[in-house]
Amino acid sequence: MRESRRGPVKSAVPSNVVSPVRRCSRTACGRPAVATLTYVYADSTAVLGPLATYAEPHCYDLCAEHSERLTAPRGWDVVRLSDGSAPSRPSGDDLEALANAVREAARPRERAAEAGGQGSGAGETRRGHLRVLRSPDS
C-alpha cells in the first residue's frame, strides 16, 4: 500500500466484496458450497467429498443441489465420500420404530395392560400419550 501525506491510500475496491463463505463453482450459482469435487484423471474417477478445508486449484466446490445431481463422463466412476460427522438420514427401520413407539404411547391404559405393558404407578392417570402425576400430598 502506498503512503501519502494524509495516510495510506485506500483501495478503490472495498474489502467486503469477497465473501467469507465459499460458493458453488458452477456458473451462475451463488449457493454456499457443501462438497468438493476432484478429478483423478489417471483412474478416470470423479471424487466427491466433504468441503475441503481450503480452496485448492483444480478442485471444484459444489452446493448441495449440484453435488446430488453430479454425473461423470461416460466410462468414468463417481466416488462419493461421506462425512462421518454429518448426521445420517433416518432409515425405514428408524421411522418404523418411531411410529411403533407413538402408537404404543397412544394406547389406552387397559389395552396396554392386556398387551403386557406396564401398568401405571399409584396416583397416575393416563390420557392417551400424556400422564398426569398426582402429588404425594393429595
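Is Asp 61 buried or exposed? With a relative accessibility of 9%, Asp 61 counts as buried. Keep in mind while reading that this is a predicted model. Here are my notes, point by point.

1. Let's stay with Asp 61 for a moment. Its side chain meets that of Arg 22 in a salt bridge, at 2.9 Å from N to O. Asp 61 sits in strand β5, while Arg 22 belongs to the loop between β2 (7-8) and β3, so this pair ties together parts that are 39 residues apart in sequence. The two partners don't share a burial class: Asp 61 is buried at 9%, whereas Arg 22, at 21% relative accessibility, counts as partly exposed. The cut-off for buried is under 20% relative accessible area, so Arg 22 falls outside that class.

2. How many salt bridges does the count come to? There are three. Besides the one at Asp 61, have a look at Glu 65, which pairs with Arg 31; their closest N and O atoms are 3.1 Å apart. Glu 65 is in helix α1 and Arg 31 in the loop between β2 and β3, so the helix and that loop are tied together across 34 residues of sequence. Both ends are partly exposed: Glu 65 has a relative accessible area of 35%, and Arg 31 comes in at 36%.

3. Glu 65 has another partner, too. Arg 69 forms a salt bridge with Glu 65, with 3.3 Å between the closest N and O atoms. Arg 69 is exposed, its relative accessible area being 52%. Because these salt bridges share partners, Arg 31, Glu 65 and Arg 69 join into one network.

4. Now for the rings: the count comes to four aromatic pairs. One of them is Tyr 39 with Tyr 60, an edge-to-face pair with 6.1 Å from centre to centre and 65 degrees between the planes. This pair links distant parts of the chain, with Tyr 39 in strand β3 (residues 35-40) and Tyr 60 in strand β5 (residues 59-62), 21 residues apart. Tyr 39 counts as partly exposed at 27% relative accessibility, and Tyr 60 is partly exposed as well, at 38%.

5. Tyr 39 also pairs with Trp 76. Their ring centres are 5.9 Å apart and their planes stand at 85 degrees, so this pair is edge-to-face. Trp 76 lies in the loop between α1 (64-68) and β6 (77-80), and Tyr 39 lies in strand β3, so the pair ties together parts 37 residues apart in sequence. Trp 76 is partly exposed, with a relative accessible area of 23%. Step back and you'll see a cluster: ring pairs link Tyr 39, Tyr 41, Tyr 60 and Trp 76.

6. Last stop, Ser 67. Where is Ser 67 placed? You'll find Ser 67 in helix α1, the helix that also holds Glu 65. At 9% relative accessibility, Ser 67 counts as buried. A polar atom of the Ser 67 side chain lies 2.9 Å from the backbone oxygen of Ala 64. Leaving aside residues up to four places away in sequence, Ser 67 touches Val 34, Ala 35, Leu 48, Leu 62 and Arg 80.

Terms used: Residues numbered from 1 in each chain as written. Predicted model: local features only at pLDDT ≥ 70, side-chain atom pairs only at ≥ 80, totals over all residues. Heavy atoms only, no water. Phe/Tyr/Trp six-rings, centres within 6.5 Å; stacked < 30°, edge-to-face > 60°. Helix = DSSP H or I, 4+ residues; strand = E, 2+ residues; numbered from the N terminus. Buried < 20%, exposed > 50% of the residue type's maximum accessible area, 1.4 Å probe, protein only. Salt bridge = Lys/Arg side-chain N within 4 Å of Asp/Glu carboxyl O. Polar contact = N/O pair within 3.5 Å; in protein donor to acceptor, adjacent residues only side chain to side chain. Contact = heavy atoms within 4.5 Å.
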